[in-house]
Amino acid sequence: MQDLITVPFLNHDLYIIDHQGEPCVPLRPIVEGMGLAWAGQYDKLKHNAGRWRVMLSITQLPGDTQKREVTCIPLRKLPAYLWSINPKNVKKELRSRLVEYQNRVDDLLWTAWNGTHTTTVTPPIHAATLAACQSALLKSNPVWSRIKAYVAKGLNNAEMGAILKLAPSTIRKHRREMERCGLIEPPADLLIWQQRSALTNLRPGAGGTP
């Protein structure tokens, strides 16, 4: 393995390693960047190494004083790995950061890889994997599953709260987390407000471009 690429993300450096022309990612920096414990995730990878195509690289990462064995997986496997981590199973203060990684890191790393190689690699289509992971999230959280169904029926937060015996503010918090995970769309009125705000910021004298 060779050709180490450093990719900053949320004040943390992530890396890509060229393994015979295939982009691979050292996982420990990603896990620790999300705020998770490496030991638990390493055990998860070790017990299903075939699925994740786990490999070891003798590499010296920036900031280290010597070459070490680094646990890597192919970049094409990263989305499925990230989505295998349920936000509901991590500390509350880490959930938004985890979701940021799930939603953005694989695209960021693919862009970095293709930007440094004359022969680009098309990222794998992982829509089916994403749908399967989102389905697993709903199955593991019955409240989210019911909220998704009620949103589809057009119920508001108060109506859902009355059925689920939860405060509307609690329903609102659940919906925000579900929106971050891509399970539901933001309310239409919020989207309209966001569009209006964007247009307002572009008007002369409103802090935008004249």
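In the predicted model, Arg-28 and Glu-32 lie 4 residues apart in helix 1 (residues 27-33), a separation of about one helical turn. Their side chains meet in a salt bridge, with a distance of 2.8 Å from N to O. Both partners are partly exposed: Arg-28 has a relative accessible area of 43%, and Glu-32 has a relative accessibility of 37%. An α-helix has 3.6 residues a turn, so residues three or four places apart point the same way.

The salt bridge of helix 1 belongs to a total of 4 in the structure. Another is found in helix 2 (residues 38-46), where Asp-43 and Lys-46 are 3 residues apart, about one turn of the helix. The closest N and O atoms of Asp-43 and Lys-46 are 3.7 Å apart. Asp-43 is partly exposed at a relative accessible area of 35%, and Lys-46 is likewise partly exposed, at 48%. In helix 5 (residues 95-115), Glu-100 and Arg-104 are 4 residues apart, again about one turn. The side chains of Glu-100 and Arg-104 form a salt bridge with an N to O distance of 2.7 Å. The relative accessibility of Glu-100 is 30%, which means that this residue counts as partly exposed; Arg-104, at 41%, is also partly exposed.

Aromatic side chains were examined next. The count comes to 3 aromatic pairs. One of them is formed by Phe-9 and Tyr-101, whose ring centres are 4.9 Å apart and whose planes meet at 85°, an edge-to-face arrangement. This pair links distant parts of the chain, with Phe-9 in strand 1 (residues 2-9) and Tyr-101 in helix 5, 92 residues apart. Both rings belong to buried residues: the relative accessible area is 4% for Phe-9 and the relative accessibility is 0% for Tyr-101. Trp-38 and Tyr-42 form a tilted pair, with 5.7 Å from centre to centre and 45° between the planes. These two residues are 4 residues apart in helix 2 and are therefore separated by about one helical turn. Trp-38 is buried, with a relative accessible area of 13%, whereas Tyr-42 is partly exposed, with a relative accessible area of 33%. Helix 2 thus contains both the Trp-38 and Tyr-42 pair and the residues of the Asp-43 and Lys-46 salt bridge.

Strand pairing was also considered. Strand 2 (residues 12-19) and strand 3 (residues 22-26) pair in the antiparallel sense over 3 bridges. Among the bridged residues is His-19, whose partner in strand 3 is Glu-22. The two strands form a hairpin with 2 residues between them, and Gln-20 of this hairpin takes a positive phi near 55°.

Helix 8 (residues 157-164) has four named buried residues, Asn-157, Met-160, Gly-161 and Leu-164. They cover an arc of only 100° around the axis, and therefore lie on the same side of helix 8. The elements covering these buried residues include helix 7 (142-153) and helix 9 (168-180). At the start of helix 8, a side-chain oxygen of Asn-156 comes to within 3.1 Å of the backbone nitrogen of Ala-158. After helix 8 comes Lys-165, which has a positive phi near 60°.

Helix 9, one of the elements that cover the buried residues of helix 8, is also the location of His-174. The relative accessibility of His-174 is 16%, and the residue therefore counts as buried, the cut-off for this class being under 20%. The side chain of His-174 makes a polar contact of 3.1 Å with the side chain of Trp-144. When residues up to four places away in sequence are not counted, His-174 touches Lys-88, Val-143, Trp-144 and Ile-147. Trp-144 thus appears both as the polar partner of His-174 and among the residues that His-174 touches.

Note on methods:
Residues numbered from 1 in each chain as written. Predicted model: local features only at pLDDT ≥ 70, side-chain atom pairs only at ≥ 80, totals over all residues. Heavy atoms only, no water. Buried < 20%, exposed > 50% of the residue type's maximum accessible area, 1.4 Å probe, protein only. Arc of directions from axis to C-beta. Contact = heavy atoms within 4.5 Å. Polar contact = N/O pair within 3.5 Å; in protein donor to acceptor, adjacent residues only side chain to side chain. Pairing = 2+ DSSP bridges. Phe/Tyr/Trp six-rings, centres within 6.5 Å; stacked < 30°, edge-to-face > 60°.
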